[in-house]
Amino acid sequence: MSDAHAPRLFDSLSREVRTVAPADGKTLRLYCCGPTVYGPAHVGNLRTFLLQDVFRRVVELSGTPTLHVRNLTDVDDKTIRQSQAEGVPLSEFTARWTARMHADAGALNILPPHHEPGAVAHIPHQIQLIQRLVEARHAYVAQDGSVYFDVSSFPQYGRLSRLADRQITTGQHAPATETDREEADEYARDSAADFALWKARKPEDGPNFWPSPWGDGRPGWHIECSAMSIEYLGDTFDVHSGGVDLIFPHHENEIAQSEAATGCTFARHWFHIAHLMVEDRKMSKSLGNLFTLDDVRGRGFSPETLRYVLISGHYRQPLNFTWDSLAAARSALARIAKLDEALAAVAPDSGPRGCLSTTLLPLGDARHGMASFAPAWDALLDDLNTPAALGRLFTAAAEVESRIRSGELPPGQAGAERGALHRILFALGLRLVAEEPPAQAPENIRALAEARWNAKQSRDFKEADRLRAEIESRGWIVRDGKEGFELNRKFPQPNA
């Protein structure tokens with residue numbers, strides 16, 4: 001793969017858009033911070049995994065194989081606390097939520113990683129890495145047997161998150177983002193900036209502890225990723241990815257402990273995905289807007305539709321998730337499916353109709369096979385610009401549709417255009433599958449909607465508004481179109 005045809009991506013460390021290429025010239029080594037398996041992934045989590053998936057697909061279609069590692073955090077405060085609340089062993093609890101994550105990823109057409117290491121299975125690797133840091137005097141053992149990284153021993157600390165002028169020095173309180181994930185900083189440490197590598201056993205941990213040279217306990221959150229990435233990708237690898245919320249403290253701490261232990265650059269490129277908003281509001285449990293894939297399906301939308309919405313915004317910009325955006329995505333996918341059908345009719349030898357293959361296409365420079373869809377491919381190469389790629393896809397679609405209607409597209413060219421369409425859809429991970437049928441409203445709800453429609457046509461807007469409110473109170477949303485109305489389930493759905 002030449003640099004001219006290689007993907008370019010913003011690097012969070014250098015603050016520059018840089019060409020992404022493997023250091024060894026052969027395989028791009030990619031590490032993605034995976035889920036903490038204590039509950040279902042919400043749409044914000046899923047957006048991060050989906051955009052990482054698009055990036056991997058683009059790299060591979062550009063001609064470079066990948067070695068993709070995505071970890072599972074299956075021991076931390078949240079997994080321990082929740083498993084004990086449910087009265088089940090930690091391993092059983094996390095296995096259940098890992099299976100749920102795999103099911104959601106499969107439904108969303110996310111390519112499985114080549115390795116998916118779990119933190120519990122790699123505790124010996126973490127202990128070994130901590131020992132190296134203690135021996136090099138980058139870490140110290142507290143009186144209770146906890147082990148902390150000495151931030152003052154690593155002068156480069158703060159490069160990724162630009163912390164040089166922020167309150168992270170000795171004697172000052174750690175930022176809320178750190179204490180939120182590391183409740184273990186109740187343990188004794190020399191500096192508020194130092195972070196836990198090993199957490200001494202506490203009564204609330206129950207049976208979830210392991211032996212170490214410093215006593216029984218469990219690993220800190222940050223050391224997990226360092227140990228597992230080094231084990232599978234080496235001391236230095238090509239790309240490290242996660243949500244922007246992980247820049248500090250997680251990724252900052254990963255850099256410090258990894259480079260202090262190895263003396264090598266940890267990751268050559270940092271790829272971060274921006275936050276997701278829901279209906280213009282921040283996601284939170286208190287607002288009840290931490291929606292999952294099951295919630296989306298409950299509203300009658302397919303996983304393919306959700307995937308389209310979550311990749312439709314640029315990864316470096318916050319995306320506002322709305323239910324209306326899912327309806328628009330459904331229409332967009334229907335138009336693409338209609339184009340595929342039209343091309344198949346002109347070029348019947350171009351392959352079967354229906355669901356696109358989920359297997360990897362042959363590696364190679366994809367642009368020469370993109371036909372009218374080459375501009376969409378170029379947008380993906382240019383800082384993974386998915387919104388521009390989708391816009392250019394529909395521009396090309398309109399041109400191809402026009403040529404089909406005018407009879408100016410011979411079968412050979414139609415086959416080439418259909419192949420190009422499939423390649424760009426594969427890069428985006430979009431499958432052409434039949435939409436799940438929308439939930440059917442019961443007769444009493446339809447009767448209210450009919451009455452509302454008639455009131456609106458008679459310009460009795462007060463009555464129309466009253467009926468709309470009654471419909472919504474019963475768990476349904478009514479939307480008007482040019483020729484009538486449609487009913488969709490409201491979330492959460494009370495009894496109709």
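In the predicted model, Val43, Leu46, Arg47, Leu50, Leu51, Asp53, Val54 and Arg57 of helix α1 are in contact with Leu306, Arg307, Leu310 and Ile311 of helix α9. Classified by residue type, this contact comprises 8 nonpolar and 4 charged residues, with no polar residues. The two helices, α1 spanning residues 43–61 and α9 spanning residues 303–311, pack at an angle of about 80°, and their axes lie 9 Å apart. Because angles of 65 to 115 degrees count as roughly perpendicular, α1 and α9 are assigned to that class relative to each other.

Helix α1 was further examined for its length and its exposure to solvent. Its 19 residues reach 26 Å from the first C-alpha to the last, close to the 27 Å expected at 1.5 Å a residue. Of these 19 residues, 18 are buried, and the helix is thus mostly covered. Gly63, which follows α1, has a positive phi near 115°.

A separate element of the model is an open sheet of 3 strands, arranged in the order β12-β11-β13 with mixed pairing. Strands β12 (281–282) and β13 (319–321) occupy the edges; each has a single partner strand, so one side of each is left without a neighbour in the sheet. Strand β11 (residues 276–278) runs parallel to β13, to which 3 bridges join it. Within this pairing, Met277 stands opposite Asn320 of β13. In general, the strands of a sheet pair through backbone hydrogen bonds, in either a parallel or an antiparallel manner.

Definitions and conventions
Residues numbered from 1 in each chain as written. Predicted model: local features only at pLDDT ≥ 70, side-chain atom pairs only at ≥ 80, totals over all residues. Heavy atoms only, no water. Pairing = 2+ DSSP bridges. Helix = DSSP H or I, 4+ residues; strand = E, 2+ residues; numbered from the N terminus. Axes fitted to C-alpha atoms, helices over the stretch in contact; angles between N-to-C directions. Parallel < 35°, antiparallel > 145°, perpendicular 65-115°, else oblique. Contact = heavy atoms within 4.5 Å. Nonpolar A, V, L, I, M, F, W, Y, C, P; charged D, E, K, R; others polar. Expected span 1.5 Å × (residues − 1). Buried < 20%, exposed > 50% of the residue type's maximum accessible area, 1.4 Å probe, protein only.
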